[in-house]
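Please open the structure in your viewer, with the sequence panel beside it, and follow the stops below in order. At each stop you will find what to select and what is there.

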Amino acid sequence: MTIASSWRALAAALVVLTLAGCATPYGQGLVAARQGRYAEASVLYEEALARNPDRLDAIVQLGIVRYKLGALDGAIELLERARTRAPAEPSVRLFLALAYLRKNELPQADEHLTTFVGLKPDRRVAAQAERTIAMIRSGPLSEETRAFAASSLENAADLADEVNAWRTLESERWSYWGPYPYPYPYPYPYPPGPYAGCWWAWRSGWLRCY
């Protein structure tokens, strides 16, 4: 397993654990999509939209899932609906560009990718998007080239999203300073047990836990 795939697996697991408590169809759809169960996620997002047809985040996520299922026309229909309400949403612009690229509708792909880069996404994703724009403008592209370019950009965006999710979870980890009844003379981590992950504050009688 590569370092990148290890990061992906860990971040995905953490996000799934965070979302596991979401009992709504939308929350369950997020979990299913994160685990790659796109057909199931599609059904759950559709259920969420049946309850609230104007729910923008469900429209966006259903559009993305339909793209991942290869239903490009359905993805474009949903994401264009979302674009009219959220023209500066990066994920909408990115997946519209990917869908149009796969369909060989290059002017539309160029337009949405250019807008996407202007929204200042993750620098690595932006760099990949700029390479894709240059490729689009270089001339006709074969189906294999378009598929490769779309897949490369999608993978870069997915990795950036998972790393950002990891960072968010890391910043929100439970942390506190609190009393601990037994003296412990060294600043070492406690062994597995109720205080696992805790560090003794030197000469203080306080314990920091993560």
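Which side chain meets aspartate 110 in a salt bridge? Before you select anything, keep in mind that this is a predicted model. Select aspartate 110 and then arginine 137, whose side chains meet in a salt bridge with 2.8 Å from N to O. This pair links distant parts of the chain, for aspartate 110 sits in helix 7 (residues 106-118) and arginine 137 in helix 8 (residues 123-137), 27 residues apart. The two partners can also be viewed by their accessibility: aspartate 110 counts as buried because its relative accessibility is 14%, under the 20% cut-off, whereas arginine 137 is exposed, with a relative accessible area of 55%.

**Stay in helix 8**

Now select threonine 132, which lies in helix 8. With a relative accessibility of 2%, threonine 132 counts as buried. If you display its surroundings and leave aside the neighbours within four places in sequence, you will find threonine 132 in contact with Leu101, Leu113, Ala149 and Leu153.

**Helix 2 against helix 3**

Two packed helices are described by the angle between their axes and the distance between the axes. Select residues 25-34, which form helix 2, together with residues 38-51, which form helix 3; they pack at an angle of about 160°, and their axes are 8 Å apart. That angle makes helix 2 roughly antiparallel to helix 3, and the crossing in which helix 2 passes helix 3 is left-handed. To see the contact itself, show the side chains that make it: on helix 2 these are Pro25, Tyr26, Gln28, Gly29, Leu30, Ala32 and Ala33, while helix 3 contributes Tyr38, Glu40, Ala41, Leu44, Tyr45, Glu47, Ala48 and Arg51. If you colour the residues of this contact by class, they divide into 10 nonpolar, 2 polar and 3 charged.

**Helix 3 against helix 4**

Keep helix 3 selected and add helix 4, whose axis comes within 9 Å of that of helix 3 and crosses it at roughly 155°. Helix 3 and helix 4 are therefore roughly antiparallel to each other, and helix 3 passes helix 4 in a left-handed crossing. Here Tyr38, Ala41, Ser42, Tyr45, Glu46, Ala48 and Leu49 in helix 3 face their contacts in helix 4, namely Ala58, Ile59, Gln61, Leu62, Val65, Arg66 and Lys68. Sorted by class, the residues of this contact comprise 9 nonpolar, 2 polar and 3 charged.

Which residue forms a salt bridge with arginine 66? Select glutamate 46 alongside arginine 66, and you will find the closest N and O atoms of this salt bridge 3.0 Å apart. Arginine 66 lies in helix 4 (residues 56-68) and glutamate 46 in helix 3, so the pair ties together parts that are 20 residues apart in sequence. Arginine 66 counts as partly exposed at 22% relative accessibility, and glutamate 46 is partly exposed as well, with a relative accessible area of 34%.

**Helix 4 against helix 6**

Release helix 3 and select residues 90-102, which form helix 6, next to helix 4; the two pack at an angle of about 30°, with 10 Å between their axes. That makes helix 4 roughly parallel to helix 6, and the crossing of the two is left-handed. Val60, Ile64, Tyr67 and Lys68 of helix 4 make the contact with Ser91, Val92, Phe95, Leu98, Ala99 and Arg102 of helix 6. This contact divides into 7 nonpolar, 1 polar and 2 charged residues.

**On to helix 5**

Is leucine 79 buried or exposed? Select leucine 79, which lies in helix 5; it is buried, with a relative accessible area of 0%. Not counting residues up to four places away in sequence, leucine 79 touches Val60, Gly63, Ile64, Val92, Phe95 and Leu96. Leucine 79 and isoleucine 64 are 15 residues apart in sequence, and their C-alpha atoms are 7.8 Å apart in space.

Within helix 5 (residues 72-85), also select arginine 83 and glutamate 80, which are 3 residues apart, about one turn of the helix. They form a salt bridge whose closest N and O atoms are 2.6 Å apart, and arginine 83 is partly exposed at 27% relative accessible area.

**Last selection**

Finally, select Lys68, Glu154 and Asp158, which are linked in a network of salt bridges. The structure holds 11 salt bridges.

Notes
Residues numbered from 1 in each chain as written. Predicted model: local features only at pLDDT ≥ 70, side-chain atom pairs only at ≥ 80, totals over all residues. Heavy atoms only, no water. Axes fitted to C-alpha atoms, helices over the stretch in contact; angles between N-to-C directions. Helix = DSSP H or I, 4+ residues; strand = E, 2+ residues; numbered from the N terminus. Parallel < 35°, antiparallel > 145°, perpendicular 65-115°, else oblique. Left-handed = near helix turned anticlockwise from the far one by under 90°. Contact = heavy atoms within 4.5 Å. Nonpolar A, V, L, I, M, F, W, Y, C, P; charged D, E, K, R; others polar. Salt bridge = Lys/Arg side-chain N within 4 Å of Asp/Glu carboxyl O. Buried < 20%, exposed > 50% of the residue type's maximum accessible area, 1.4 Å probe, protein only.
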